[in-house]
2 protein chains.
Amino acid sequence: MRFRKDTIIGVGLIGGSIGLALKKRRLAKEVVGVFRRRSTLTKAMRRRAVDHGTFDLERGVSGADMVIIATNVGTIPGFARRAARFMKEGSILTDVGSVKEDIVNKIEGFLPEGVSFVGAHPMAGGEKASVAFASAGLFKGTNVILTSTKDTDKGALRKVSKFWLSLGARISIMDPRTHDKKVSMVSHLPHMAAVALCLAQEKDGLVYAANGFRDTTRIASSDPAMWLDILRDNREFSIRALDKLIVDLNDIRMALARKGFRRLLANLKKAKSIRDGV
Amino acid sequence: MRFRKDTIIGVGLIGGSIGLALKKRRLAKEVVGVFRRRSTLTKAMRRRAVDHGTFDLERGVSGADMVIIATNVGTIPGFARRAARFMKEGSILTDVGSVKEDIVNKIEGFLPEGVSFVGAHPMAGGEKASVAFASAGLFKGTNVILTSTKDTDKGALRKVSKFWLSLGARISIMDPRTHDKKVSMVSHLPHMAAVALCLAQEKDGLVYAANGFRDTTRIASSDPAMWLDILRDNREFSIRALDKLIVDLNDIRMALARKGFRRLLANLKKAKSIRDGV
């Protein structure tokens, strides 16, 4: 599969890595980036993450075979609405947002005839969210969840699947709500736990933080604005996930309070077997 | 500083790394390991973590200038009691346990005349707790907390400090209870959070676990028996630490439930600044 022109709106860690991978694997003749800030454009051009950069959304997406929105979750529907108006007949719009139900519902509500939308969530990234950390290999072995609804065009879904497979990713397809539920547990909940672990600390104790603390809280260094968007968009499942975690923390607390050390050991063993299986 | 004979009781990741470091830096003429299992003795000898290995505690500690107990927290007082009887006049007993109040109280209660005890906690390690992962450099830059009580011999404290400094560690000295409180927050709480995060998961969702989940839960792969001992010995502060974490998780939950996104963003920002400062 090969595109004549692919456009990436938002060239950060994910968008930049898509650009680098498209160029490296010669999947697109031309990769265009749409930017808001000159500093990001300069960085992206220096990294050769895109062939051309523009601040003009219309010019950026016109004639593109595929437009990938890789901005923060909260701004994806707005960019989608504006971009879709200028996209050509038969082109595909997709995104990389970490939450899907809200985004997919909104975009399917205003998508013009002739443009197909497929929601996507590549489960890669990290706490360093800049094109400076982008790499062509970021998606190798990465799980990418694609969404399918009653409105999803099967041909577009196939093309977006092939696109991610050719970047080395593993594909799963599910409805947006199932996606949001699953990632609330494996991604959004660990994030909230890391944040709470930091908030709970006393300042003068942190000098004794070792690798255990570092690993457990690494993701709390991520961009707060980005995560606000994610948690807000996945509010319902975030709350449910928190409730589950609090139940399990209380279970450990109970075992300690009642000196139920057999139960505590059983929990430690169960957690180890779950973690070892990942 | 140089010892004629140092004895390590329990040659795992920590004990083995002490042995390797003592040999590499030529701090002890003879390093003896006391073992319970032949398989560990074989592994330790193959790694050259000790010069000699024995299953006989009396023979192992006789004539030693310093005896380091590096077994699981729950077994340290028992080994200390048995070892101290055979230790020579003027020798030093120390340990590497992750909890201090219970251990120090117990050992100071039965320590014979002529043997000094200094509690120590090198904050190194990881989820791979075997001599197979031991390394001479494990303590470079590591925080080592030494305990000081009204019974602590100042000369012995000075010697144990020098010992750890010569292994590349950074030293802090505090009373055992302060130690237990501080490490409950930066070490034991992250562990319990990682365990609860694993317990909360649904089996069919774990296929989507990415780096965030992996980092946050890595320490849940640690030895359950070792951690049961730690949490049991530091029961009071573990419960208090859990309560603090649950308060902060509830704060995030409240912000989400009430759509208090300004408060949520403030928490995300505060957590990032705390984590970035580590």
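A salt bridge here is a side-chain nitrogen of Lys or Arg within 4 Å of a carboxyl oxygen of Asp or Glu. One such pair joins the two chains of this predicted model: the side chains of B:E202 and A:K244 meet at 2.4 Å, N to O. In total, the rule finds eight salt bridges across the interface of chain A and chain B. Polar contacts across that interface come to 28 residue pairs, both residues at pLDDT 80 or more.

Which parts of chain A supply the side that touches chain B? The elements that each give at least two residues are two strands, β8 (143–147) and β9 (170–174), and five helices: α7 (176–200), α8 (211–217), α9 (224–233), α10 (235–257) and α11 (261–276). By type, the residues on that side of chain A are 43 nonpolar, 13 polar and 19 charged.

Now the extent of the interface. On each side there are 75 residues in contact with the other chain. Between them, chain A and chain B bury about 7600 Å², and carbon and sulfur atoms give 69% of that area. Within chain A, the residues that lose the most area to chain B are A:L199, A:Y208 and A:R275, which together make up 11% of what that side buries.

Last, the arrangement. A turn of 180 degrees, with a shift of 0.0 Å along the axis, lays chain A on chain B with an RMSD of 0.0 Å. That is how a two-fold axis relates two copies. The C-alpha of A:T216 is the one in chain A nearest the axis, at 1.9 Å. The copies meet through the same surface, because 100% of the interface residues of chain A are also interface residues in chain B.

Definitions and conventions:
Residues numbered from 1 in each chain as written. Chains lettered and ligands numbered in written order. Predicted model: local features only at pLDDT ≥ 70, side-chain atom pairs only at ≥ 80, totals over all residues. Heavy atoms only, no water. Least-squares fit on C-alpha atoms with pLDDT ≥ 70 in both. Contact = heavy atoms within 4.5 Å. Buried area = accessible area lost by both parts, 1.4 Å probe. Polar contact = N/O pair within 3.5 Å; in protein donor to acceptor, adjacent residues only side chain to side chain. Helix = DSSP H or I, 4+ residues; strand = E, 2+ residues; numbered from the N terminus. Nonpolar A, V, L, I, M, F, W, Y, C, P; charged D, E, K, R; others polar.
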